[in-house]
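The following exercises concern a single protein chain and are meant to be worked through with the structure in view. Each one sets a task and then gives a solution in steps.

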Amino acid sequence: MHDLLFLAAAVLYGAASVALLAHLARGGEGASARLGPRLLALAAALHLALRLAGVGPGSVVLAPTLTFVATLNAVAYCGAEPWFVDVDPLTWNVSGDTLEHALRAARAAGRDPRFVMVTHLYGVPADLDGVTALCAREGLTLLEDAAESLGSWWRGRHTGTFGRAAALSFNGNKIVTAGQGGALLLASQEDAAQARHLATQARVGRAGYTHDAVGFNYRMANLNAALGLAQVESLPALRLRRRAVQAAYQLALEETEAIALQGVPSGAEVNGWLQGARVTARARCDRDGLLAALDARGIDARAVFQPMHRQAMFRGCGGACPAAEAVADTGLNLPNGPDTDVPRVIRALREGLGAGM
Ligand SMILES: Cc1ncc(COP(=O)(O)O)c(C=O)c1O
């Protein structure tokens with residue numbers, strides 16, 4: 001955890017830390033990752049990540065449909081086309097199998113995806129064994145939306161250190177916040193230098209106003225970075241408190257057939273950022289009915305993300321995603337702030353769900 005804290009601190013200050021990331025990536029061959037710059041927002045970081053990886057007009061990116069819109073917006077900013085990938089119905093994330101299925105379907109439709117984007121949804125790592133094996137076998141470049149997974153690990157290696165580039169978010173609702181902002185984790189020194197360059201208006205040299213490319217003003221403000229650095233000190237404690245809330249849900253709901261918690265694949269250690277749950281056919285009401293029942297009892301729960309292939313701007317894109325649709329129609333996030341009163345939420349769930357509890 002000490003290393004993780006150091007990682008986040010280093011990210012916020014944009015400092016490179018080879019030894020640290022090599023340590024984070026222990027178990028991975030030739031781990032030589034470098035930290036990139038701290039950035040205005042995760043969306044900006046993802047945009048740069050895709051640009052650096054070579055995503056552009058004509059590129060096809062295999063991307064999750066069950067994610068926040070910023071993941072897909074970054075693909076669109078590059079003029080690329082997403083091909084949507086379905087999820088594992090238990091973990092709600094893309095897996096090696098769902099990616100392979102999507103890759104075959106895309107090729108059958110005459111597309112040639114060269115890039116894979118994964119999101120570690122609600123802090124639960126995607127099946128990184130399956131994903132990295134497929135990418136290696138097929139020569140695909142992996143990019144990670146690690147917005148929600150600071151403090152989540154896969155077989156002892158931190159999420160965000162598996163792809164060529166990954167983005168973290170320090171937005172206000174995240175486990176560690178800088179008010180706003182994000183950071184890039186990059187697997188090569190060259191990408192890190194190029195990311196800094198593009199994020200600072202592609203300015204050449206310190207003095208004068210010479211620029212060698214169309215760049216961006218994507219830097220995080222120092223004030224936000226200072227706030228984030230103070231927050232980062234609490235990361236281990238915040239993570240433990242969220243994990244304790246999750247453990248209490250797990251215990252209280254394990255016998256319950258009316259609700260099924262988002263699964264955690266073996267090999268994953270989660271940060272506990274959000275607790276996902278699905279209302280099953282054994283419940284007396286559907287998801288929206290449960291949300292209304294919780295709301296009436298003063299409990300703030302939310303529906304999960306709407307799949308991106310249902311959003312107006314991505315409706316024409318390829319990829320069938322029935323499992324993601326089922327999660328989207330039945331899933332919600334239970335409250336799991338550090339101070340959540342779990343027994344009160346469980347009581348409200350029992351009253352709302354009725355049979356099967
Ligand atoms: C999966 C995912 N991607 C991207 C973002 C966008 O992050 P930011 O608000 O820092 O741009 C978020 C959260 O807001 C997210 O949850």
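**Exercise 1. Determine how strand E13 (residues 302-303) and strand E12 (275-279) are each paired with strand E14 (residues 331-334) in this predicted model.**

Solution. Begin with strand E13, which pairs with E14 in the antiparallel sense over two bridges. One position in this pairing is Ala303, which stands opposite Leu332 in E14. Next take E12: its pairing with E14 is also antiparallel and involves four bridges. Here Gln275 has Leu334 of E14 as its bridge partner. E14 is thus paired with E13 and with E12.

**Exercise 2. Locate Arg284 and classify it as buried, partly exposed or exposed.**

Solution. Arg284 is found in the loop that connects strand E12 to helix H10 (287-296). A residue is buried with 20 or more other C-beta atoms within 10 Å and exposed with 12 or fewer. Arg284 has 16 such atoms within 10 Å, and therefore it is partly exposed. Along the chain, 67 residues separate Arg284 from Glu351, while their C-alpha atoms are 9.8 Å apart.

**Exercise 3. Describe the surroundings of strand E4 (residues 115-119) and the strands with which it pairs.**

Solution.
- Burial is considered first. Five of the five residues of E4 are buried, so the strand is largely enclosed by the rest of the structure.
- The directions of the residues come next. In a regular strand the side chains alternate between the two faces of the sheet. In E4, Phe115, Met117 and Thr119 point one way, while Val116 and Val118 point the other way.
- On pairing, strand E2 (residues 60-64) runs parallel to E4 and is joined to it by two bridges. In this pair Val61 is opposite Phe115.
- Strand E5 (residues 141-145) also runs parallel to E4, and five bridges join the two. In this case Val118 is opposite Glu144 of E5.

**Exercise 4. Check the length of helix H9 (residues 235-253) against the expected span, and find how its buried residues are arranged.**

Solution. The helix has 19 residues, which at 1.5 Å a residue should span 27 Å. The expected span is 1.5 Å times one less than the number of residues. The end C-alpha atoms of H9 are 27 Å apart, so the two values agree.

The buried residues of H9 are Leu235, Leu238, Arg239, Arg242, Val245, Gln246, Tyr249 and Leu253. Viewed down the axis of H9, they fall within an arc of 125° and therefore line one face of the helix. An α-helix has 3.6 residues a turn, so residues three or four places apart point the same way. The other side of H9 carries the exposed residues Ala237, Ala247 and Leu251.

**Exercise 5. Apply the same reasoning to helix H7 (residues 189-199), then follow the chain past its end.**

Solution. Asp191, Ala192, Ala195 and Ala199 are the buried residues of H7. Their arc around the axis is only 100°, which puts them on the same side of H7. Just after the helix, Gln201 adopts a positive phi of about 60°. Gln201 belongs to the loop between H7 and helix H8 (222-232). With 15 other C-beta atoms within 10 Å, Gln201 is partly exposed.

A positive phi near 70° is also found at Trp92, a residue other than glycine. Trp92 lies in the loop between strand E3 (81-85) and helix H5 (96-108). Because 26 other C-beta atoms lie within 10 Å, Trp92 is buried.

**Exercise 6. Identify the contacts of Leu48, and the elements that contribute to the shell around the ligand.**

Solution. Leu48 is part of helix H3 and counts as buried, with 29 C-beta neighbours inside 10 Å. Leaving aside neighbours within four places in sequence, Leu48 is in contact with Leu184, Ala195, Leu198, Ala199 and Tyr218. Two of these, Ala195 and Ala199, are among the buried residues of H7.

The ligand is surrounded by 14 residues, of which Ala41, Leu42, Phe68, Ala147 and Ser169 are the closest. Helix H3 (42-53) and helix H4 (69-77) are the elements that give two or more residues to this shell. By class, the shell contains six nonpolar, six polar and two charged residues.

Key. Residues are numbered from 1 along each chain as its sequence is written. This is a predicted model: local features need pLDDT of at least 70, side-chain atom pairs count only at pLDDT 80 or more; totals for chains, interfaces and linings use all residues. A residue is near a molecule or strand if its C-beta atom, placed from the backbone, lies within 6 Å of it. Ala, Val, Leu, Ile, Met, Phe, Trp, Tyr, Cys and Pro count as nonpolar, Asp, Glu, Lys and Arg as charged, and the others, Gly among them, as polar. The arc is that of the directions from the helix axis to the C-beta atoms. Two strands pair if DSSP finds at least two bridges between them. Two residues are in contact if their C-beta atoms, placed from the backbone, lie within 7 Å.
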